[in-house]
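User: Hi! I'm new to reading protein structures and would love some help with this one. Could we go through it together?
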Amino acid sequence: MVPSGTKYRLKYRADDYAGVIKSPLERDQRQSFDKMTAPPTDHNGTVPLHQLPVEIFVQIITRALEHYRARGWWGPTYLGRLVTLCRVCKQWRDVINNTASLWATIDVLDPPAITSAAILRSVNHPLNIIGAPSGVIKFATWLPDRTDEFIKAAIMLSTRWSSIQLVVPSSDEALAIMNAPAPLLQSLEVKSMVQTRVHLQGGVMFQGTTCQLRRLGLHGVAIPWDSYILHNLQYLSISGLDEYGPSYEETLGILKGCPSLLEVELSLKLSAAGETPKKETPFRMAELSFISLYLSHDWTLVLLETIQLPSIRSVSLDLDPHSGLGHLLRRIIKCAHTLFLTNLDGQHNLSIIVSTFRCLTWACEPTEANRGGTRFEITTQDRPPSETLEDFLVETPANRFKPASITIEFDRPFELDLSTFLTKLDGVDRIRNIMASDCTCDLQPLFTYMSRATTKDQWGFPKLERLEIHMSAFDPSDLLDMIKARYGSEEGGRSNTSEGLCDLPPPLKWVSIGRIKVESDKDIFSFLEDIIGPDCFELMIF
């Protein structure tokens, strides 16, 4: 509970901020605000848009400004854009100024004059409070000016909260938020700059008011995990907690208490370490369509075996590198596949991405013809990518995703045994695209693989259509030799490595090279363009 002295100090300081509209200074600010919103001219009332009913016009403005409620610490704010719309014409200004709901969003980045005016003009309408960037908190390395005053003013308006997103610098602010009465609250997201656990007297949150909370995000903030607010949620996200995170049993209790949950994100990699979860009786979450987990491998496997998700549309698993993957990966892959009830042949494109820290991501995205379809992604770290790839390539009846095309992407990998990795791809059909960005490992094994017969007696990547290499380590002459071999260039002839392959692979549809200028490479790239064709070749020199 907030100490009484602290509570009164918070109240008086917040009143100084939110109640400044009563002061002579605020009158001056309001005059400035009116000038800012004053339209340059009256607009012709015969404009078709102005013939719409006011209610529809307000809905159009509301929808147009919706995405300004989710952004980072930059760009125009919701109220900033609303003030701009006030300047279009007198009719727009009159409608906006007389519609309380349009002023019911305040942002920490707005000037105090605009914030104060919005609080007044929205009268008793439920408020949306924006004081946090989108995305994970670790990217918020600083807080905007007036953050302290904004948080205190927001807390004093708690009885009007509809949604609130706040970054808090310490546990005091997190405690004040959780202890404020919030009878109208539907969405709460709190991101703490430091990990904190909120201790409430008797475990009672929001002073016991019965809120209508449906969306909850706790990032670096722990609450009593048996709290009533963790029931009947539709959206849940918990991250950034070590020893303060919920146990496996508490996590299951939260999920069971939210039978109407639509989306869940759990990043509890450290709090989950060392705890061996017990198998539970499977239960059904009929409406859950999106699940994202960053847990230990034991937690991930048991959770996937426990929950039944008939409506699942998106699965994202980021497997904790510190929990010892071992033999569990194939079981996790199988369980993740079987969450989907039907096979989805040819409806997805597969990306196999190898990046830093021996990280491999296996991501299935819907094709253009299947927009809005299901998504499937698993990421492993600190494990040889060739071993991980082998586990993913195992064909079982449980595999639900047969891709229409495959993209192999090397994104800043290091310590990559490229030759071994490529050998695992022998015979893999439908590889259409190869991309390499900022690769410090030499790409010569890639060009060699593409220039000769594989163990399956066919060209390396026989159906390749696009090759993109940007800012990576390679010798242009190796690239040229590979192109000569695949195109049957008369000057280059066939290399010994391609003997026995009678049919040339189809020509590449697109080759893009980006690299630092080296004068001696000029003739090689010119020759490449002659072979591939100017319409299919792009060279970017940095």
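User: Let me start with one residue. Which strand does Ser237 lie in?
Analyst: Ser237 is part of strand E6, which covers residues 235-239. Keep in mind as we chat that this is a predicted model.
User: Okay, and is Ser237 buried or exposed?
Analyst: Ser237 is buried, because its relative accessibility is 14% and buried means under 20%.
User: What does Ser237 touch?
Analyst: Leaving out residues up to four places away in sequence, Ser237 touches Leu216, Gly217, Leu218, His219 and Glu265.
User: Nice. Now zoom out for me: how many helices and strands are in the protein chain?
Analyst: The protein chain has 17 helices and 19 strands.
User: And what share of its residues count as buried?
Analyst: The chain has 542 residues, and 49% of them count as buried. As for the surface, the chain exposes about 25500 Å², with carbon and sulfur atoms supplying 51% of that.
User: What about contacts between residues that sit far along the sequence from each other?
Analyst: Take the contacts in the chain with a separation of 6 or more: residues 24 or more positions apart account for 71% of them.
User: Can you show me a residue with partners like that?
Analyst: Try Val511, in strand E18 (residues 510-515). Setting aside neighbours within four places in sequence, Val511 is in contact with Leu467, Ile532, Cys536, Phe537 and Glu538. Measuring from C-alpha to C-alpha, Val511 and Ile469 are 8.2 Å apart in space, with their positions 42 residues apart in sequence.
User: Why does Val511 count as buried?
Analyst: Val511 has a relative accessible area of 1%, and it counts as buried because the cut-off is under 20%.
User: Let's switch to helices. Which helix packs with H9?
Analyst: Helix H9 (residues 248-256) packs with helix H11 (residues 297-306). Two packed helices are described by the angle between their axes and the distance between the axes. Here the angle is about 30 degrees and the axes are 12 Å apart. The crossing of H9 and H11 is right-handed.
User: Which residues meet there?
Analyst: From H9 you have Tyr248, Thr251, Leu252 and Leu255, and from H11 they meet Trp299, Val302, Leu303 and Thr306.
User: Is helix H8 mostly covered or mostly open?
Analyst: Helix H8 (residues 171-178) is mostly covered, with six of its eight residues buried. Those are Glu173, Ala174, Leu175, Ala176, Ile177 and Met178.
User: Now charges! How many salt bridges are there in the whole structure?
Analyst: A search of the whole structure finds 16. Side chains of opposite charge can pair when their charged atoms come close.
User: Can you pick out a pair inside a helix?
Analyst: Sure, look at Asp94 and Lys90, whose side chains meet in a salt bridge at 2.8 Å, N to O. Both lie in helix H5 (residues 90-97), four residues apart, which is about one turn of the helix. Asp94 is partly exposed, with a relative accessible area of 31%, and Lys90 is partly exposed too, at 39%.
User: And a pair where the two residues are exposed?
Analyst: Glu368 and Arg371 form a salt bridge at 2.6 Å, N to O. Glu368 counts as exposed because its relative accessibility is 60%, and Arg371 counts as exposed at 67%.
User: Then how about Arg515 and Asp521, buried or exposed?
Analyst: Arg515 is buried, and so is Asp521. They form a salt bridge, with the closest N and O atoms 3.2 Å apart.
User: Which residues are linked in a network of salt bridges?
Analyst: Lys279, Glu305 and Arg331 are linked in that way.
User: Last topic: which residues form a nonpolar patch on the surface?
Analyst: Leu52, Ile56 and Ile60 do, and together they have about 220 Å² of accessible area. Ile60 is in helix H3 (residues 54-64) and counts as partly exposed at 41% relative accessibility.
User: Great, thanks for walking me through it!
Analyst: My pleasure, enjoy exploring!

Technical notes. Residues are numbered from 1 along each chain as its sequence is written. This is a predicted model: local features need pLDDT of at least 70, side-chain atom pairs count only at pLDDT 80 or more; totals for chains, interfaces and linings use all residues. Side-chain values use heavy atoms; hydrogens and water are left out. Patches are made of residues with over 30% relative accessible area and no salt bridge: like charges are joined within 9 Å, nonpolar side chains (Val, Leu, Ile, Met, Phe, Trp, Tyr) within 5 Å. Accessible areas come from the Shrake-Rupley method with a 1.4 Å probe; for residues, only the protein chains shown count as cover. A salt bridge is a side-chain nitrogen of Lys or Arg within 4 Å of a carboxyl oxygen of Asp or Glu. Helices (H or I, at least four residues) and strands (E, at least two) are DSSP runs, numbered from the N terminus. Buried means under 20% relative accessible area, exposed over 50%, partly exposed in between (1.4 Å probe, protein chains only). Axes are lines fitted to C-alpha atoms, for helices over the stretch in contact, and angles run from 0 to 180 degrees between N-to-C directions. A crossing is left-handed if the near helix is turned anticlockwise from the far one by less than a right angle, and right-handed if clockwise. Contact means heavy atoms within 4.5 Å.
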